[in-house]
Amino acid sequence: MTTTATQDPQGRPGAGAGPEASGAALAVLPGVLRSALAWTDAHRTRFALPDDVLEPHTQVNATLKPLGELAQLGSTIRRTTAPGTPEHERAGDLVAYAWEQVHEGALLLELLRAEPFAAYPYEIYAAFAGYGLRHEGFEALARPLTATRAWAHTEQHANRQLGLVNSERRVGVVTHTDAGGVLSRTWLGGLSEPWMFEGPSGYALTHTVFHLTDWGRMPDRVPKKIDGYLRTWLPAWADGCLESGQWDLTGELLAVAASLPGPAPVELLDAVWPVLADVQHPTGCVPETGVPAEDPSPDPYPFIDCYHSTLVTAFAAALSLRSLRQTDERAGKRTGEQTGETTPGRERHTP
């Protein structure tokens, strides 16, 4: 049995089955967000850096990368959720924990000293700097390094270069190149043939949008042509990911959908979110790929196989809630303007 946007993983009719699907995303999103954040918080020590993190043999992808992702996605969730809510407070606690792990920036300074040619210490630092957490010594060393010819000519894929540009924006320095020129060289910026979509191009596409919009915070940075292209093809790509059990990439595509300017793509969110919610384990974790586990134990998957997809699910849920609520607010305002009435309680501030 394959999974599509109109079937859940067990083959039952899903959220896209008909007109009754309206509001299906909003019905599941608060629970999905709370559960994913609760799992992440319960496993926060798994993000802790080892004592030998500065040693050459340490695997960056198994240590600093997860922590950097916790900082990045946690800070976005914190900014996207309403102050005073449990989700807002928990996301803030997770970012504070990540900042403690890097010794409030001092450890990142040591990394930069050891590897002045590497971009990753700067990008991890930028995740904190964009949230308002800064280290004077790190920035003092980074300033001359990012002004070098080597920094401006580091050879990397276009979407990765766009990420570096966004990191520079967050830190507040002059960017080493024009973001528009870099965007035009990405798979997404070239409006590639949609049937050429596959795993690597899918992740390149999602991260292009994340870097362009500063992880969903600035949807208006998405050019009109790219906005139209994504609104047209995201449903087909998401359906393909559901069919093949690519839950992590599904979450990233949902985050992209919620990062577009203007009204939320409601039909897409209503069709896909109930399926992903059904994949989520009762503990809150979400597997990256494959058939969802029926194991009732607290840890049905190895940490390395679910931490990222769980964080992405929380990130996408927070953005989707913001996008859908803003769309509802706009609709309410238009209705009020047409009838000459106001609707008490419709005004809402979203950070």
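Which residues does Gly-284 touch, not counting residues up to four places away in sequence? In this predicted model, Gly-284 touches Ser-35, Ala-36, Trp-39 and Thr-310. The glycine sits in the loop between helix 13 and helix 14, the latter covering 307–339. Its relative accessibility is 0%, so Gly-284 counts as buried, the cut-off being under 20%. Ala-38 is 246 residues from Gly-284 in sequence, yet the two C-alpha atoms are 6.8 Å apart in space.

The chain as a whole can be described next. The protein chain contains 14 helices and zero strands, and its pattern along the sequence is accordingly a run of α elements. It has 351 residues, and buried ones make up 52% of them. Among the contacts with a separation of 6 or more, 71% are accounted for by residues 24 or more positions apart. The contact between Gly-284 and Ser-35 can be read against that background. On the outside, the protein chain exposes about 16,000 Å², and carbon and sulfur atoms supply 53% of that area.

The helix pairs come next. Two packed helices are described by the angle between their axes and the distance between the axes. Helix 11 (residues 224–243) and helix 13 (residues 266–279) have axes that come within 11 Å and cross at roughly 15°. Angles under 35 degrees count as roughly parallel, and therefore helix 11 is roughly parallel to helix 13. The crossing of these two helices is left-handed. On the helix 11 side, the contact is made by Leu-234, Pro-235, Ala-238 and Leu-242; on the helix 13 side, by Leu-268, Val-272 and Val-275. By class, this contact has seven nonpolar residues, with no polar and no charged ones.

A second pair is formed by helix 5 (residues 120–129) and helix 6 (residues 136–145), which pack at an angle of about 135° with their axes 12 Å apart. Because of that angle, helix 5 is oblique to helix 6. The crossing of helix 5 and helix 6 is left-handed. Pro-121, Tyr-122 and Tyr-125 are the helix 5 residues that meet Phe-138, Glu-139 and Ala-142 of helix 6. These residues divide into five nonpolar, no polar and one charged.

The third pair is helix 10 (residues 199–212) with helix 12 (residues 247–257). These pack at about 35°, with axes 9 Å apart, and helix 10 passes helix 12 in a left-handed crossing. From helix 10, the residues in the contact include Gly-199, Gly-202, Tyr-203, Leu-205 and His-207. They meet helix 12 residues, among them Asp-248, Leu-249, Glu-252 and Leu-253. The contact of helix 10 with helix 12 divides into eight nonpolar, four polar and two charged residues.

One further position is worth locating. Asn-166 has its place in helix 8 (residues 158–171). Is this asparagine buried or exposed? Asn-166 has 3% relative accessibility, and because buried means under 20%, it counts as buried. Leaving aside its neighbours within four places in sequence, Asn-166 is in contact with His-211, Asp-214, Trp-215 and Arg-221.

Technical notes:
Residues are numbered from 1 along each chain as its sequence is written. This is a predicted model: local features need pLDDT of at least 70, side-chain atom pairs count only at pLDDT 80 or more; totals for chains, interfaces and linings use all residues. Side-chain values use heavy atoms; hydrogens and water are left out. Helices (H or I, at least four residues) and strands (E, at least two) are DSSP runs, numbered from the N terminus. Buried means under 20% relative accessible area, exposed over 50%, partly exposed in between (1.4 Å probe, protein chains only). Contact means heavy atoms within 4.5 Å. Accessible areas come from the Shrake-Rupley method with a 1.4 Å probe; for residues, only the protein chains shown count as cover. Axes are lines fitted to C-alpha atoms, for helices over the stretch in contact, and angles run from 0 to 180 degrees between N-to-C directions. Angles under 35 degrees count as roughly parallel, over 145 as roughly antiparallel, 65 to 115 as roughly perpendicular and the rest as oblique. A crossing is left-handed if the near helix is turned anticlockwise from the far one by less than a right angle, and right-handed if clockwise. Ala, Val, Leu, Ile, Met, Phe, Trp, Tyr, Cys and Pro count as nonpolar, Asp, Glu, Lys and Arg as charged, and the others, Gly among them, as polar.
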